[in-house]
Amino acid sequence: MTAASHIPTDAPLLSVRNLQKVFSTRGGDVRAVSDVSFEVRRGSIVGIVGESGSGKTTVGRCILRLVEPSGGEAVFDGTDLFGLPEKALRGYRRRLQIIFQDPYSSLNPRMRVGEIIGEAIDTHGLAKGKAREARIAELLGRVGLNPDHARRYPHEFSGGQRQRIGIARALAVEPELIIADEPVSALDVSVQAQVLNLIQELQRELGLTMVFISHDLSVVEYLCDDIVVLYLGRIMEKGPAQEVYANPRHPYTKVLLSAAPVPDPSVKRERVILKGDIPSPLNPPSGCVFRTRCPHVIDACASAVPDIEEVGPGHSVACIRQKELASVVG
Amino acid sequence: MAASSAPVARPRLASLILQRKTLLIGLIVLAVIALLAILAPLIAPYSPSRLSVVNRLKPPSERWFFGTDEFGRDVFSRTIYAGQLSLLVGAAATVLAAVLGITLGLVAGFFRKLDGVIARIIDAMMAFPDILLAISLVAALGPSLATVIVALGIVYAPRLARIVRASTLIIRELPYVEAARALGVPTWKIMTRHVLRNLVSPILVQATFIFAYAMLAEASLSFLGVGVSPEIPTWGTMIAGGRQYIGQADWMMLFPGAAIVLTVLSLQLVGDGLRDLLDPRLRKDL
């Protein structure tokens with residue numbers, strides 16, 4: 001599928017095609033990500049969801065070449081990032097940035113906030129002297145901090161404030177695309193909303209394109225235009241967020257959505273509970289990787305990896321039974 | 001959330017040091033020893049090489065605080081002059097060990113391909129007893145003050161290299177290093193600004209220990225006769241010279257020996273104190 005199919009005028013800023021990542025370990029090869037393809041339209045937010053171990057973080061890391069992908073391509077504005085040598089990649093570093101999950105380990109404890117943000121500015125020679133100081137103050141203001149905070153060290157701040165510093169660092173280079181890797185999941189619930197609002201505000205004001213990695217479905221529904229559901233390194237379902245939430249077609253998506261809380265107590269839903277844990281990626285199930293936990297499994301599921309089929313505009317599913325299950329709830 | 005929302009002021013370094021008695025005592029003793037050594041030309045009542053045939057092997061007295069040796073030289077003057085060289089050897093060997101060790105450790109920790117080779121070399125060097133390795137190096141290079149410094153620098157470099165390598169392996173996987181890589185910060189800047197800067201405290205602590213070891217090793221080498229030449233006063237050569245007269249003039253060994261003990265002890269106190277001071281887990285006020 002192509003996301004462009006339902007909005008043809010919008011060319012994707014980033015297309016990830018057949019992304020593969022294999023980690024070699026002593027126990028054997030771990031296929032963290034297999035055949036992941038999706039597109040991110042300019043100015044949109046794509047949510048990548050899945051439980052821990054589903055490979056969602058690895059997808060983000062691969063796009064930024066923080067881990068080297070084993071195969072596939074990531075075409076950003078016409079250039080395949082995976083094919084670039086390290087030096088040429090440096091120019092693209094400014095255009096793609098990342099916000100990390102852990103606000104504690106993502107800031108160097110020995111650097112003042114001004115140095116942390118200043119490093120981003122210096123690395124790309126964006127401003128010097130007074131202009132640099134002014135830019136740091138502006139960025140701190142933009143993320144809701146005080147310009148005086150530039151002189152302080154990270155340990156003097158709360159988790160939410162630290163995450164704001166991380167966001168300011170990412171914004172310092174005026175990126176076009178930001179990969180947000182679970183940016184709020186390490187924060188207190190009361191602070192999560194503030195940081196989410198900030199991210200959404202910045203995305204709108206600056207026209208940012210985002211890949212938002214999360215395991216929190218309600219957060220993704222709130223923020224994202226498109227959604228990609230990962231399980232054990234493979235795409236189960238992807239499509240426009242509204243469509244996927246209203247009409248989930250893959251059994252895994254249905255299970256995930258049934259687990260998400262709904263604020264309206266009058267809504268009655270059948271809750272499907274998955275048995276067991278996500279299988280080890282060292283020894284993934286044959287055929288459909290979800291079959292070991294799927295409530296609708298049949299023998300044929302074990303024989304071949306299901307193709308991704310388009311079931312609606314921009315909406316596709318990897319399940320051999322998706323047609324017959326279309327009417328089944330849960 | 002661990003930190004309070006209102007940023008707190010950092011306590012001053014001086015008051016933190018004052019709160020730690022052992023660190024303070026170590027620093028004071030060390031400062032006194034260093035001052036005595038540096039100001040030896042002003043303090044010493046006699047020239048360290050002035051012979052006096054009639055005053056051989058005199059016991060400590062008002063005239064000779066630490067007595068005299070077999071040539072009638074003043075042991076007190078020699079002890080404080082010897083401090084210059086002993087401290088110089090310790091400091092220079094530590095600096096050399098730090099430069100070598102930090103470089104090797106960072107390179108090994110950062111570049112997987114070189115890690116195997118460097119890690120094996122470090123292990124192999126640490127398998128040798130320090131003194132044996134130093135003796136062979138001095139033997140190979142020819143004994144002189146510079147050789148002793150170089151040999152001890154090489155001998156103690158692996159201790160630092162090991163610590164730096166292990167910490168580098170941890171730090172380079174941390175998100176703030178990833179953030180720097182995502183920004184396109186060059187590798188050498190990541191190594192210095194992000195990794196090395198976070199290693200300052202373990203390196204500093206280890207360096208104080210290496211200082212103490214290097215001083216002891218210099219004394220041992222000189223005592224064994226493979227260090228600096230015997231007529232140059234270091235605490236090691238003085239003890240070596242006094243050995244023959246231990247029955248008649250124990251002060252010849254006692255005072256340079258005490259100087260070594262005091263210096264090493266205060267270095268250890270400083271090292272321990274620094275480790276506590278710089279470890280945020282042991283530092284509640286951080």
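In chain B of this predicted model, 68% of the contacts with a separation of 6 or more join residues 24 or more positions apart. The chain has twelve helices and zero strands. Read from the N terminus, its elements run α-α-α-α-α-α-α-α-α-α-α-α. Of its 286 residues, 43% count as buried. The C-alpha trace of chain B spans about 75 × 50 × 30 Å along its principal axes.

Helix α4(B) was examined for its length and its burial. The helix has 36 residues, and at 1.5 Å a residue these should span 52 Å. The end C-alpha atoms of α4(B) lie 51 Å apart, which agrees with that expectation. Burial was then counted along the helix. Of the 36 residues of α4(B), 26 are buried, so the helix is largely enclosed by the rest of the structure.

Chain A has a mixed make-up, with ten helices and twelve strands. Its radius of gyration is 21 Å. The globule rule gives 20 Å for 330 residues, a close value, so chain A is as compact as a globular protein of that length. Along the principal axes, the C-alpha trace of chain A spans about 65 × 50 × 45 Å. Buried residues make up 45% of the 330 residues in this chain. Among contacts in chain A with a separation of 6 or more, 64% are between residues 24 or more positions apart.

The domain assignment divides chain A into two parts. Domain 1 covers 3–95 + 175–325, and domain 2 covers 105–174. The C-alpha centres of the two domains of chain A are 30 Å apart. Twelve residues of domain 1 of chain A are in contact with twelve residues of domain 2 of chain A. On the domain 1 side, helix α6 (residues 189–206) of chain A gives the most, with five residues. By class, this side of domain 1 of chain A holds nine nonpolar residues, one polar residue and two charged residues.

The contact between the chains was treated in the same manner. Here 20 residues of chain B are in contact with 28 residues of chain A. On the chain B side, α8 (175–183) and α9 (187–198) each supply at least two residues. Helix α8(B) gives the most to this side, with eight residues. The side of chain B that touches chain A has 13 nonpolar, four polar and three charged residues.

Nonpolar packing was considered next. In soluble globular proteins, nonpolar side chains tend to be buried together. The largest nonpolar core of the model has 161 residues. Within this core, A:Val229, B:Leu152 and B:Ala214 touch the most other members. Helix α4 (residues 75–110) of chain B gives the most to the core, with 16 residues. The core also draws at least three residues from each of domain 1 and domain 2 of chain A.

The surroundings of B:Ala214 were listed without its neighbours within four places in sequence. On that basis, B:Ala214 is in contact with B:Val89, B:Gly90, B:Ala93 and B:Thr94. Its remaining contacts are with B:Leu152 and B:Tyr156. B:Leu152 is thus listed twice, as a contact of B:Ala214 and among the core residues that touch the most other members.

Note on methods:
Residues are numbered from 1 along each chain as its sequence is written. Chains are lettered from A and ligands numbered from 1 in the order in which they are written. This is a predicted model: local features need pLDDT of at least 70, side-chain atom pairs count only at pLDDT 80 or more; totals for chains, interfaces and linings use all residues. Domain bounds come from an automatic or database domain assignment. Two residues are in contact if their C-beta atoms, placed from the backbone, lie within 7 Å. Helices (H or I, at least four residues) and strands (E, at least two) are DSSP runs, numbered from the N terminus. Ala, Val, Leu, Ile, Met, Phe, Trp, Tyr, Cys and Pro count as nonpolar, Asp, Glu, Lys and Arg as charged, and the others, Gly among them, as polar. A nonpolar core is a set of buried Ala, Val, Leu, Ile, Met, Phe, Trp, Tyr and Cys residues joined through C-beta atoms within 7 Å. A residue is buried if 20 or more other C-beta atoms lie within 10 Å of its own, exposed if 12 or fewer, and partly exposed in between; C-beta atoms are placed from the backbone. The expected span of a helix is 1.5 Å times one less than its number of residues. The radius of gyration is taken over C-alpha atoms; the globule rule is 2.2 Å times the number of residues to the power 0.38.
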